[in-house]
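Let us take this structure one question at a time. Each answer should end on the value or name asked for.

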Amino acid sequence: MDDMKKMVLDYVKREYLEEDDDREVTETTKLISGGIVDSFSMVSLKRFLEKKYGIRIPDADATPEAFDTVNTIVDLVNRFKKS
Amino acid sequence: MAYGDSARSIYQTEIKGIRDAGIFKQERYIHAPQGAEIVVEFPPGSPVKKVINMCANNYLGLSSHPEVIKAAHEGLDCRGYGMSSVRFICGTQDIHRQLENKLTEFLGTEDTLLFPSCMDANAGVFEAILSDKDVMIADRLVHASIVDGMRLCKAMQDTFKHSDMGHLEEKLQEHQDKRFRMIITDGVFSMDGDIVKLDQIVALAEKYDAMVCVDDSHASGFIGKTGRGSHEHCGVVGKIDIITTTLGKALGGASGGCMSGRRELVELCRQKARPYLFSNTVAPVIVYGAIKVLDLISQTTERRDKLEWNTKYWRKLLTEAGFDLKEGDSPIVPVMLYNAKLAQDVARDLYDEGIYAVGFFFPVVPKGAARIRTQLSAAHEKAHLDAAGAAFVKVSKKYKILGKGKKEIIEMYGM
């Protein structure tokens with residue numbers, strides 16, 4: 001697993017899972033449609049990514065679909081890192 | 001025609017999707033005043049049926065109290081039916097200010113502003129007092145109206161894990177560069193029934209220079225020794241900057257709400273909060289009724305004491321029978337069933353047994369955390385609870401879930 005995936009995965013686990021939560025979260029786990037992250041608390045993930053990678057993700061691109069798995073999140077970050 | 005076949009078809013498909021997902025909400029028609037026993041027509045067109053109500057927010061049993069009804073009649077006679085105005089044009093009567101003063105005294109704050117509902121108070125308060133220089137940090141399980149209110153505000157949004165003080169502290173540290181930090185929470189969380197750790201939140205707010213806003217809709221009137229709310233329960237009366245609450249639950253149950261707190265914040269909401277500025281004043285009948293409610297509960301704690309007794313008795317009854325309950329001290333007692341279909345089936349069978357209780361499941365609660373939320377009332381007598389308890393046992397035996405915990409129920413029925 002590359003560094004960015006690991007970084008995002010670690011953040012998701014730390015930020016959204018309770019200590020007693022034994023659900024396994026991987027890069028393909030559905031975060032939003034799977035009920036782990038709700039749209040209300042998604043904002044902290046967006047802010048983390050922007051700060052960490054020095055990018056700005058427009059609200060129009062910060063959709064529940066784009067934030068639904070670690071893989072799609074990494075794709076989104078890479079898109080804005082390049083542009 | 002703008003609303004043509006295409007629009008109709010799209011909306012019909014969406015409604016079908018809601019039905020297919022099993023989350024279609026259907027109203028039950030009640031042919032009686034609110035109370036411990038009600039007469040219900042469900043499904044529509046069915047013969048009416050008398051049932052014990054275990055799902056109302058009528059915590060103090062004042063929704064149909066004779067003295068409250070009498071006061072409402074007086075209000076109708078003395079101040080009329082409606083005001084046909086927002087507050088600041090010609091919708092403020094002497095009694096509106098009188099009620100605000102009584103709420104201020106009851107809640108132990110500096111001033112109060114009435115709103116048409118607590119939903120409106122929550123929708124208006126953040127936008128009126130915070131700007132893009134500020135941050136709102138909310139518990140992740142706050143009520144939907146707070147989520148909506150935060151979305152209407154330009155301040156940065158953040159959240160902390162439910163009731164996790166360590167996580168809240170991290171967030172407060174992270175946002176020290178903001179002009180204001182506002183911690184936002186419910187007093188009693190409506191789905192789990194747990195009470196906020198408000199003493200710890202106030203300590204963190206003092207340490208990190210933050211304001212505190214509490215929605216005490218499921219607490220005002222009965223939580224705390226004299227029913228003032230979660231701030232009384234946690235020993236921090238006078239230290240909460242904003243309390244939003246409702247008149248639509250324990251405090252008479254009609255409608256209306258308020259924000260109460262620091263004088264300047266209340267004044268700013270009076271000047272700027274849009275749901276206050278642009279919707280009608282609370283009707284005189286409700287104002288009279290609410291004043292009577294506050295008089296009644298300020299004279300004696302008899303009703304909140306009875307509610308406390310009922311809550312303890314109900315918890316004991318269900319625990320001894322082998323139900324899996326969410327821990328807590330509030331009159332919201334969730335019976336955990338974990339599986340959405342099981343929660344719906346049990347609720348349906350309870351209704352057949354003469355008990356009205358509702359199943360809650362995703363997206364209202366997290367996936368795999370479906371439950372039946374029971375709510376106690378001071379209107380309940382011991383006989384009501386005994387009958388409801390017997391019905392819960394009978395129905396649960398059918399599904400073989402008595403004495404079973406989370407793991408076993410999920411093994412039997414799935415998440």
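## Strands, helices and contacts

Reader: Start with the strand pairing. Which residue of S14(B) does B:Gly359 stand opposite?

Author: The model is predicted. S13(B) and S14(B) run antiparallel and are joined by three bridges. In that pairing, the residue of S14(B) opposite B:Gly359 is B:Ile372.

Reader: Which residue of S11(B) stands opposite B:Ile372 in S14(B)?

Author: S11(B) pairs with S14 (residues 370-375) of chain B in the antiparallel sense, over six bridges. One bridge partnership there is B:Val333 with B:Thr374. Opposite B:Ile372 stands B:Val335.

Reader: What is the strand order of this open sheet of three strands?

Author: The edge strands are S11 (332-338) and S13 (358-360) of chain B, and each pairs on one side only. Neighbouring strands are turned by 30° against each other on average, direction ignored. The pairing is antiparallel, and the order in chain B is S11-S14-S13.

Reader: Which residues of S14(B) point the opposite way from B:Ala370, B:Ile372 and B:Thr374?

Author: In a regular strand, side chains alternate between the two faces of the sheet. S14(B) is mostly covered, with six of its six residues buried. Pointing the other way from B:Ala370, B:Ile372 and B:Thr374, and also buried, are B:Arg371, B:Arg373 and B:Gln375.

Reader: Now the sheet of seven strands. Which strands stand at its edges?

Author: This open sheet has mixed pairing and the order S4-S10-S9-S8-S7-S5-S6 in chain B. An edge strand has a single partner strand, so one side of it is left without a neighbour in the sheet. Those strands are S4 (111-115) and S6 (156-160) of chain B.

Reader: By what angle are neighbouring strands of the seven-strand sheet turned on average?

Author: The sheet is open and its pairing is mixed. Direction is ignored for this average. The turn is 20°.

Reader: Which helix packs on this sheet, touching S4, S9 and S10 of chain B?

Author: The direction of the helix makes about 125° with that of S4(B). Its contacts include S10 (257-261) of chain B. The helix is H4 (residues 94-107) of chain B.

Reader: Do S8(B) and S9(B) run parallel or antiparallel?

Author: Three bridges join S8 (residues 211-215) to S9 (residues 242-246) of chain B. B:Asp215 stands opposite B:Thr244 in S9(B). The two strands run parallel.

Reader: How many bridges join S4(B) to S10(B)?

Author: B:Leu114 stands opposite B:Cys258 in S10(B). S4(B) and S10(B) run antiparallel. The number of bridges between them is five.

Reader: What is the bridge partner of B:Thr246 in S10(B)?

Author: S9(B) and S10(B) run antiparallel, joined by five bridges. Five of the five residues of S10(B) are buried, so the strand is largely enclosed by the rest of the structure. The partner of B:Thr246 is B:Gly257.

Reader: Is B:Gly256 buried or exposed?

Author: B:Gly256 lies in the loop between S9 and S10 of chain B. Among the residues it touches are B:Leu114, B:Val282 and B:Ile286. The C-alpha atoms of B:Gly256 and B:Ile286 are separated by 7.8 Å, though the two lie 30 residues apart along the chain. Because 20 or more other C-beta atoms within 10 Å count as buried, and B:Gly256 has 24, the residue is buried.

Reader: What angle do H5(B) and H10(B) make?

Author: Two packed helices are described by the angle between their axes and the distance between the axes. Here H5 (residues 118-129) and H10 (residues 263-272) of chain B have axes 9 Å apart. They are roughly perpendicular to each other, at about 105°.

Reader: Which residues of H10(B) make that contact?

Author: H5(B) contributes B:Gly124, B:Val125, B:Ala128 and B:Ile129. The residues of the contact divide into six nonpolar, one polar and one charged. From H10(B) come B:Leu265, B:Leu268, B:Cys269 and B:Lys272.

Reader: Last, which element gives the most to the side of chain B that touches chain A?

Author: Nine residues of chain B are in contact with six residues of chain A. The chain B side divides into three nonpolar, two polar and four charged. With three residues, the element that gives the most is S6(B).

Methods:
Residues numbered from 1 in each chain as written. Chains lettered and ligands numbered in written order. Predicted model: local features only at pLDDT ≥ 70, side-chain atom pairs only at ≥ 80, totals over all residues. Axes fitted to C-alpha atoms, helices over the stretch in contact; angles between N-to-C directions. Helix = DSSP H or I, 4+ residues; strand = E, 2+ residues; numbered from the N terminus. Parallel < 35°, antiparallel > 145°, perpendicular 65-115°, else oblique. Contact = placed C-beta atoms within 7 Å. Nonpolar A, V, L, I, M, F, W, Y, C, P; charged D, E, K, R; others polar. Pairing = 2+ DSSP bridges. Buried ≥ 20, exposed ≤ 12 C-beta atoms within 10 Å, placed from the backbone. Lists of a residue's contacts leave out its neighbours within four places in sequence.
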